[in-house]
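Student: I am new to this structure and would like a close look at one part of it, the pockets. What lines them, and how much space do they hold?

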Amino acid sequence: MTGISLKRLYALLRKEWIQVRRDPMTLRLIIALPVMQLFLFGYAINTNPHNLPTGLLVSEPTKYERTIVTSLQNTGYYDIKLYSSEADAERALITGEALFVINIPPNFDRSVDRGEQPSILIDADATDPSAIGNATAALGAISNVLTRDLPANQQSQPTPAPFQFVVHARYNPEQLTVLNVVPGLICVVLTMSTLLMTTLSITRERERGTMENLIAMPVQPIEIMLAKVVPFIGIGYLQTITILLVSAVVFHLPIRGSIPLLLLALGLFIAGNLALGLTFSTVSSNQMQAQQLAQFSLLPSLILSGFIFPFRGMPIWAQWLGELLPTTHAIRIVRSLLLKGNGAAAIAPELWPIAAFTLVVMGVAVWFYRETLD
């Protein structure tokens, strides 16, 4: 038999198309994945974040101070909130509630009128240098904003800027990108590896024909789920310790917080990703569907978590979606513990969303677990 028969080729193409139509879930995912990529890259990504939360400490609002605050707000980079004490402002900076704290010294107006060039101190959370870079660069254009309000004797002669901003980059003084990327990379690696570990677990059993053995065993669905998840938690911990050691030795990553607390928080994060992979494996009819579902969830975890692009730069709807992802909270926890040296109280608001996510996806996996092969 030589040559290509168009009749045979048509029959084979028709057979393949029928097979594709029998798996509509896979076809939908193939179409939905690029559409989601277009929306995420087109709307959610913004490397120039505006309206960054900013704390303000001021002894008394005066003319000059009101002018400076208004100028800061007009840049579009600063969303200013007044704090009554340095302790409250410091707490906001530690917990991430504020990315900047502006401290205007007492008697600021008098110092300006005397030509003393007082300094305004700005504490900046530099754990993500890309998030604060453009905002700090905009400060140079504000230094001369008071020139028109100066006394007449100072306006008549050329003088330096009436005041200056002094930016103190906290937690990452040199604003090294590696100190921002490596803590986030720990969470991203764990997300990818732990999710893929369990994504194929149930579908592999089904396709290999060993699912009958699990069904015949006198066990509960939750017991099967736990048996699939628990062994991989140890593997996730091994990955975490390896990444921490390499990061500390090679990249000089500072470890200022508690390692046991970090491992405890990451253990919950690992369990959440394993449960999500198990859910994908349970609801999928074959391994291809399970892999596509995993890819469908990995892309938002990379883009909407603040790992690659500043979280504050995304639109509000994208930030809401990002808050639902455990990777977002895990990255905040790792950066908080390693770079800021925070304790359990500071990371507690990030722990309960991960715990809630784990319980929900595990419940979904148990609900959709098939007691029979039908």
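Tutor: Here is a walk through the two largest pockets, one after the other. This is a predicted model, in which local features need pLDDT of at least 70, side-chain atom pairs count only at pLDDT 80 or more, and totals for chains, interfaces and linings use all residues. Residues are numbered from 1 along each chain as its sequence is written, and side-chain values use heavy atoms, with hydrogens and water left out.

The largest pocket holds about 540 Å³ of space. (A pocket is an open set of points on a 1 Å grid over the protein atoms alone where a 1.4 Å probe fits, with protein on both sides within 12 Å along at least five of seven lines; lining residues have an atom within 4 Å of a point.) Its lining has 26 residues, and Gly-96, Leu-99, Asp-125, Arg-312 and Arg-332 are the closest to the centre. Two or more lining residues come from each of α4 (86–95), α15 (326–340) and α16 (344–368), with α15 giving the largest share, 7 residues. (Helices are DSSP runs of H or I, at least four residues, numbered from the N terminus.) By type, this lining has 9 nonpolar, 8 polar and 9 charged residues.

Now for the second largest pocket, with about 220 Å³ of space. Here 15 residues form the lining, and those closest to the centre are Leu-276, Phe-280, Phe-296, Ser-297 and Leu-325. Helix α13 (287–303) is among the elements that supply at least two of them, as are α8 (178–199), α12 (259–283) and α15. The most, 5 residues, comes from α13.

Methods: Grid points are joined across faces, edges and corners, and a volume is the space filled by probe spheres set on the points. Ala, Val, Leu, Ile, Met, Phe, Trp, Tyr, Cys and Pro count as nonpolar, Asp, Glu, Lys and Arg as charged, and the others, Gly among them, as polar.
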